[in-house]
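Visitor: I'm new to this one. Could you take me on a close look at the charged side chains, and then at whatever sits around them?

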Amino acid sequence: MSPLLLGVEEEGQSRVSSPSVECISQNGLGIREWNYLGLSDFCSVDSSGVPDDNGNNLNLKATELRLGLPGSQSPERETEHCFLNSGKLDEKTLFPLLPSKDGICSSSQKSVVTGNKRGFSEVKGTIYTEKKWMGHGAVPDSQSLQPVSHGKYSVAQASVKKDGPANLIQEQPCTSNGTKVNRTDISNNSSAPTANRAQVVGWPPIRSFRTKTLTTSSKNNDEVDGKPGPGTLFVKVSMDGAPYLRKVDLRMYSTYQELSSALEKMFSCFTLGQCGAHGTPGKESLSESKLKDLLHGSEYVLTYEDKDGDWMLVGDVPWEMFIETCRRLKIMKSADAIGLGK
Amino acid sequence: MNYFPDEVVEHVFDFITSHKDRNSVSLVCKSWYKIERYSRQRVFIGNCYSITPQRLIARFPGLKSLTLKGKPHFADFNLVPHDWGGFVDPWIKALAKSRIGLEELRLKRMVVSDDSLELLSKSFPNFKSLVLVSCEGFTTDGVAAIAANCRFLRELDLQENEVEDHRGHWLSCFPESCTSLVSLNFACLKGEINLASLERLVARSPNLKSLRLNRVVPLNTLQNLLMRAPQLVDLGIGSYVDDPSSEVFSKLKAVIQLCNSIRSLSGFLEVAPCCMSAIYPICENLTFLNLSYAPGLQGNDLTKLVQHCRKLQRLWILDCIGDKGLGVVASTCKELQELRVFPSDPFDAGNAAVTEEGLVLISAGCPKLNSLLYFCHQMTNAALITVAKNCTNFIRFRLCILDPVKADPVTNQPLDEGFGAIVRSNKSLKRLSLSGLLTDQVFLYIGMYAKKLEMLSIAFAGDSNKGMLYVLNGCKKLRKLEIRDCPFGDVALLEDMGKYETMRSLWMSSCEVTHGACKTLAKKMPSLNVEIINESEQLEFSLDDRLLVDKMYLYRTLVGHRKDKPEYVLLL
């Protein structure tokens, strides 16, 4: 017992007070950083091989995990009210981390072979911010951070408005292994963004049977493509000529317009032949509007494969019916889509 | 030592029923070991890989009832990959080959196949009871085999299993001669069943006490069933939707009034709130109410219902009941011992349905509370301290704040003091789950005060190895420790390796444990299986010792490495 009591003596002082005092990051946004390896500077811990590009809002260099064009603005987002998202992070999560299938994310991190893989230059914090906490003024440091544990978090671009209020989610230039908790945001929110809690694998600790059952009950939906998690409906999106496919969660949207905008952003890099490096805002708006023209205009149409295996034109049926029957999406060249009728 | 003939000692042992006591008795002397083992009928194996079926059979030839658990607890939350293990097949095969007259099999988190179920049903003529909890790998065909072949089946209890439903005929497989059913629970099955078969089955089962239906059983069938089985003690309603003005509904109301033995009510997988009033007459006698699968009921409906349940001892409910609703529970249910509040929408930060207020109200109103599972959006130290003052009888205390690292919103402090108060005042605490923002301090408290603690679940907590060490050093009765996403590493893992022989298992995922440390541990402790679960694409295990391990699961075992491990598991 005595070692324990000694421990109390020694540590009592430093431990009882919130450890957050010890290492406040320098950016003054009230972010507390946890450095579990005892190194005080969050930057020094990083040996995960994720270089930091200053001036670049990306935390993760692994391009295959990038969600899209940095700096792309979401047209329908009310950015003045949306403290959660900067324009940078309006991609929906496209990498929800599946428990055992997320080879991409986990392998890219596991390929880093160092003892500090996790670094625990960890930013502990909430995964989401609620509007209600804004009202509390001095929101605890933890509120604005994303927990950066390694592992099966989806990789979202965690960039943030630099000038935003303190509760913005802070991007970490030197996060250890760059895993961020995915923050999906429901784009169709009104001015009070109900931030969707990020989907951490295995959290909250509810039996998967229970979540599946409740999802089925409450959404009255037989076909829950729910392996990634309850209340999600991920479908593949392919585009003619694109080298790889994407996935979107249809439950993130409630109208065709939203889906369409999201897809525009996602695929604009392909259409314009730019593989989304570091577009400046100016360029982005140009490419987006151009893409919009392309999509809304004549060059591409959005189609989907339904339960019966038929390819249909998106937009004919009510949204609810659409998401129940849609199995995958495809952005086809108009020329190829003639048979779908319109 | 023996002043009595063996038969007398054996008779005395008949009165010793708990597993712990039986285990203790067998250690007294060789003679008692022998008597005990021949008279032992019920065996509980908490980790199916800690022993082989052959050794079990050799030691307990009189075995009648076996309970087996397979996957680690965190498998419930998708942290354990598919096919990790926990197969019941070798057990059933071995038992079938032996002369064991198995009568009861209870499985939790195991992989069960249709073939296993069929073998089970055909190998043991006196088989009476099958209970499957959170299992997977079988279909309704396997269930049909059990129904068809187990002539004296008393209990078929399927709880929260992932069952592939081949729609239909399994219920009709109960032969007409089967009249022994006492308990039938198929609520987790999703598919259609033959309703007429169900009615006939219930009609010819005079001993039926527990019946839990699945969602496809409509209200009019329910009415027929209750008419034939007014003696039911435990009822799980499938679909409870009808027009309150219909004739069927009025018949149901009348029939329910006759079911005055019902003490336990669950289900309502589909529900029309306006029909709930028919239930009120039986609410008075209820001791267990489970509405956690009834998202169709709103807070008001729940509150109205609960107001009638004065004798309730266990309540499982969704958080849409709200803090106010919990207040009603607190003022009505004075006998409440167990409360579980589940989140109706775990991923939406929108409306905070229950907060610390609800919990405080419950603690103030329900002095007998000893078991809690509470999902909420926020918690404060002050609330926990109040709860600790009000309730000192907790055996299980599981608090899950949906945002895993949330601090006390009022003081911005970690929740160390709150949980500290809980462990300090609840000396009988056996199971604890933590959440919220927590530092090493909380573990110091746990190590100091939670002397009876047997199971601890930790996530996103702590600052350093000290946290884990406090627990390992202080909690002498610890049996299961599961940790995820905490900064505990090699120093903590290797400090007291012998400790793990006193525990059933340790799970650590997304922590700071290196491959090298696991190898060291495995080398020094041959009585432990140290498993590394590596799901990445690279399957070569020539991993650098300094590499951090993603998931490690270690457990004590008498039989060394298991032979059925999948490729992605490395046994050190």
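**A close look at the charged side chains**

Guide: Let's start with B:Asp14, which has a relative accessible area of 46% and is therefore partly exposed, since that label covers everything between the buried limit of under 20% and the exposed limit of over 50%. Keep in mind that this is a predicted model. To find B:Asp14, look in chain B at the loop between α1 (6-13) and α2 (19-26). B:Asp14 has company there: together with B:Asp6, B:Glu7 and B:Glu10, it makes up a patch of negative charge on the surface.

There's a patch of the opposite sign too. B:Arg396, B:Lys430, B:Lys452 and B:Lys477 form a positive patch on the surface. Take B:Arg396 as your marker: it belongs to strand β16 of chain B, which covers residues 396-401. Its relative accessibility is 31%, so B:Arg396 also counts as partly exposed.

Now for charges that pair up. Across all chains, a search of the whole structure turns up 27 salt bridges. I'll walk you through a few of them.

Go back to helix α2 of chain B and find B:Arg22 there; its partner B:Glu36 sits in helix α3 (residues 30-39) of chain B, 14 residues away, and the pair links distant parts of the chain. Their side chains form a salt bridge, with 3.1 Å from N to O. Both B:Arg22 and B:Glu36 are buried.

The next pair joins strands. B:Arg42 and B:Glu104 meet through their side chains in a salt bridge of 3.0 Å, N to O. B:Arg42 is in strand β1 (residues 42-45) of chain B, while B:Glu104 is in strand β3 (residues 104-108) of chain B, so parts 62 residues apart in sequence are tied together by this pair. The two ends don't share a setting: B:Arg42 is partly exposed, with 44% relative accessibility, whereas B:Glu104 is buried, with a relative accessible area of 13%.

A third salt bridge takes us from loop to loop. The side chains of B:Arg109 and B:Asp76 come together at 3.1 Å, N to O. B:Arg109 lies in the loop between β3 and α6 (114-123) of chain B, and B:Asp76 lies in the loop between β2 (65-69) and α5 (89-97) of chain B, so the pair connects parts 33 residues apart in sequence. B:Arg109 is buried, with 8% relative accessibility, and B:Asp76 is buried as well, with a relative accessible area of 7%. This pair isn't on its own, either: through salt bridges with shared partners, A:Arg207, A:Arg210, B:Asp76, B:Arg109 and B:Glu160 form one network.

B:Glu160 deserves a stop of its own. You'll find B:Glu160 in chain B, in the loop between β6 (155-159) and β7 (162-164). At 15% relative accessibility it counts as buried. Its backbone is worth a look too, because most residues other than glycine have a negative phi. B:Glu160 isn't a glycine, yet its phi is positive, at about 55 degrees.

B:Asp83 does something similar: its phi is near 65 degrees, again a positive value in a residue other than glycine. B:Asp83 is in the loop between β2 and α5 of chain B. With a relative accessibility of 44%, B:Asp83 counts as partly exposed.

Over in chain A, while we're on the backbone, A:Trp203 and A:Pro204 are joined by a cis peptide bond, with omega at about -5 degrees. A:Pro204 is in the loop between α4 (131-134) and α5 (208-219) of chain A.

One more charged residue in chain A: A:Lys307 lies in the loop between β5 (300-306) and β6 (311-313). It is partly exposed, with a relative accessibility of 36%. A:Arg328 is 21 residues from A:Lys307 along the chain, and their C-alpha atoms are 9.4 Å apart.

And around all these charges? In soluble globular proteins, nonpolar side chains tend to be buried together. Here the largest nonpolar core has 187 residues, and B:Tyr240 and B:Ile446 are the ones that touch the most other members. There's also a second, separate core of 24 residues, with A:Val237, A:Tyr300, A:Leu302 and A:Ile331 among them.

How values were computed
Residues numbered from 1 in each chain as written. Chains lettered and ligands numbered in written order. Predicted model: local features only at pLDDT ≥ 70, side-chain atom pairs only at ≥ 80, totals over all residues. Heavy atoms only, no water. Patch = residues over 30% accessible without salt bridge, like charges linked within 9 Å, V, L, I, M, F, W, Y side chains within 5 Å. Areas by Shrake-Rupley, 256 points an atom, 1.4 Å probe, with all protein chains shown as cover. Salt bridge = Lys/Arg side-chain N within 4 Å of Asp/Glu carboxyl O. Lys, Arg positive; Asp, Glu negative; His and termini not counted. Charge placed at Lys NZ, Arg CZ, Asp CG, Glu CD. Helix = DSSP H or I, 4+ residues; strand = E, 2+ residues; numbered from the N terminus. Buried < 20%, exposed > 50% of the residue type's maximum accessible area, 1.4 Å probe, protein only. Core = buried A, V, L, I, M, F, W, Y, C linked by side-chain atoms within 4.5 Å.
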